[in-house]
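Me: I'd like to learn how to read a protein structure, one feature at a time. Can we go through this one together?

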Amino acid sequence: MPKGMLIIDKERCKGCGLCIVACPHQVLAFSGELNRSGYNVVHMERPEACVGCGFCALTCPDVAIEVYRERVPA
Amino acid sequence: MPVSTEKMVKVFGRPASLTEARFTYCPGCHHGILTRIIAQIIDELGIVERTVGIAPVGCAVFAYLWYRCDAIQASHGRASAVATGVKRANPNLIVFAYQGDGDFASIGTAESIHAANRGENITVIFVNNQVYGMTGGEMAPTSLVGQKTTTTPDGRDPALFGYPIRFSEMIAQLDAPVYVTRQALYDTKRIVDATKAINKAFTNQLEGKGYSLVEVLATCPTNWRMKPTEANKHVAEVVTKVFPLGDLIDRG
């Protein structure tokens, strides 16, 4: 499995939690941290489990997630 | 978290056709997903310089703020008519109308049906969330039987208010439209399917084939009084029984 990584724009996140449900590897969870708009933002609870599938980003209604995947050696 | 992007390749980011403006939608609202999908397709087809979006009245009234393409904000319900005018005036433009159910299937019924019946070479995105979102959760023509809204607090009673209107099926009866489909966004598979359908609707226009309509079943967690995840489940289990998913006509 390739390793993935997410960059979550905390100020765009509205804490709807759709990404948490979409993730097949239970990587994401609410952080308990509030952003400037007062939303409980999502963070990577288990970053080691991320494979960079991008399901969270496809689901995010606020386009707050960027997805990176490990380069596969040529 | 320490982040090293050197060994990493970006596989998903914000589409270039989206501006940096934050969406004004409520948390968990599917409008945002759909807006991102359309921007991604504009990117993929490389048409941002000649695309004109027609914004409706409703929650998506600010649609012109999200895209880097040109846009017009139409009078309530008249987005398909405005799209007709833009496309006829300059057929080289790629014109899409983005309309909700109160806009497209209620006040704009005449404009919507006749644009389809004329087979205008435009792309219409019809967002069906069975409620008037922006104005405060009133009953829409698409509201389900028994659905509680602010104007039907005891649930929609068909004896008083009629039945939910299947607008896409009506348009699919016409001879002119090229592509009419109903999609949803309640899980990843549906999002991928909806992306393909919208891509097809834009490609049809690029190829000069004619009128394409993509109805998208969306959620309104705020006015449905549900959590975003519950609203997704509601679409999957209840709404799709009344509004079945799939292509209604595909003459492309």
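Reply: Sure, and keep in mind that this is a predicted model. Let's begin with a sheet. In chain B, seven strands make an open sheet in the order 3-2-4-5-9-8-10, with mixed pairing.

Me: Which strands stand at the edges of this sheet?

Reply: Strand 3 and strand 10 (246–250) of chain B do. Each has a single partner strand, so one side of each has no neighbour in the sheet. On average, neighbouring strands of the sheet are turned by 15° against each other, ignoring direction.

Me: How do I read the pairing itself?

Reply: Here's the general idea: strands in a sheet pair through backbone hydrogen bonds, and they do so either parallel or antiparallel. Now the case here. Strand 2 of chain B runs parallel to strand 4 (residues 94–100) of chain B, with four bridges between them. One bridge pair is B:Ile54 and B:Ala97. Strand 2 of chain B is also joined by four bridges to strand 3 (residues 70–73) of chain B, again in parallel, and there B:Ala55 has B:Gln73 as its bridge partner. For the antiparallel sense, look at strand 8 (residues 179–184) and strand 10 of chain B, joined by four bridges. In that pair, B:Arg182 stands opposite B:Gly246.

Me: And where do the side chains of a strand go?

Reply: In a regular strand they alternate between the two faces of the sheet. Try strand 2 of chain B: B:Thr51, B:Gly53 and B:Ala55 point one way, while B:Val52 and B:Ile54 point the other way. Five of the five residues in this strand are buried.

Me: What packs on the sheet, and which strands does it touch?

Reply: Helix 1 of chain B packs there, touching strand 2, strand 5 (123–128) and strand 9 (212–217) of chain B. The direction of the helix makes about 165° with that of strand 5 of chain B.

Me: How can I check a helix by its length?

Reply: Use the rise of 1.5 Å a residue: the 16 residues of helix 1 (residues 30–45) of chain B should span 22 Å, and the end C-alpha atoms are 23 Å apart, which agrees. Right after helix 1 of chain B comes B:Gly46, with a positive phi near 65°.

Me: Is helix 1 of chain B largely enclosed or left open?

Reply: Largely enclosed by the rest of the structure, because 13 of its 16 residues are buried.

Me: What should I know about the core?

Reply: In soluble globular proteins, nonpolar side chains tend to be buried together. In this model the largest nonpolar core has 95 residues, and A:Cys56, B:Ile54, B:Ile125, B:Ile198 and B:Val216 touch the most other members. Helix 1 of chain B gives the largest share of this core, seven residues. Looking beyond its neighbours within four places in sequence, B:Val216 has contacts that include B:Leu34, B:Ile125 and B:Leu185.

Me: How many residues of the two chains are in contact?

Reply: 28 residues of chain A are in contact with 26 residues of chain B. Strand 4 of chain A gives the most to the side of chain A that touches chain B, with five residues. That side divides into 16 nonpolar, five polar and seven charged residues. There's pairing between the chains too: strand 4 of chain A and strand 1 (residues 8–12) of chain B are antiparallel, over four bridges. A:Glu70 stands opposite B:Met8 in strand 1 of chain B.

Conventions: Residues numbered from 1 in each chain as written. Chains lettered and ligands numbered in written order. Predicted model: local features only at pLDDT ≥ 70, side-chain atom pairs only at ≥ 80, totals over all residues. Helix = DSSP H or I, 4+ residues; strand = E, 2+ residues; numbered from the N terminus. Expected span 1.5 Å × (residues − 1). Buried ≥ 20, exposed ≤ 12 C-beta atoms within 10 Å, placed from the backbone. Core = buried A, V, L, I, M, F, W, Y, C linked by C-beta atoms within 7 Å. Contact = placed C-beta atoms within 7 Å. Pairing = 2+ DSSP bridges. Nonpolar A, V, L, I, M, F, W, Y, C, P; charged D, E, K, R; others polar. Axes fitted to C-alpha atoms, helices over the stretch in contact; angles between N-to-C directions.
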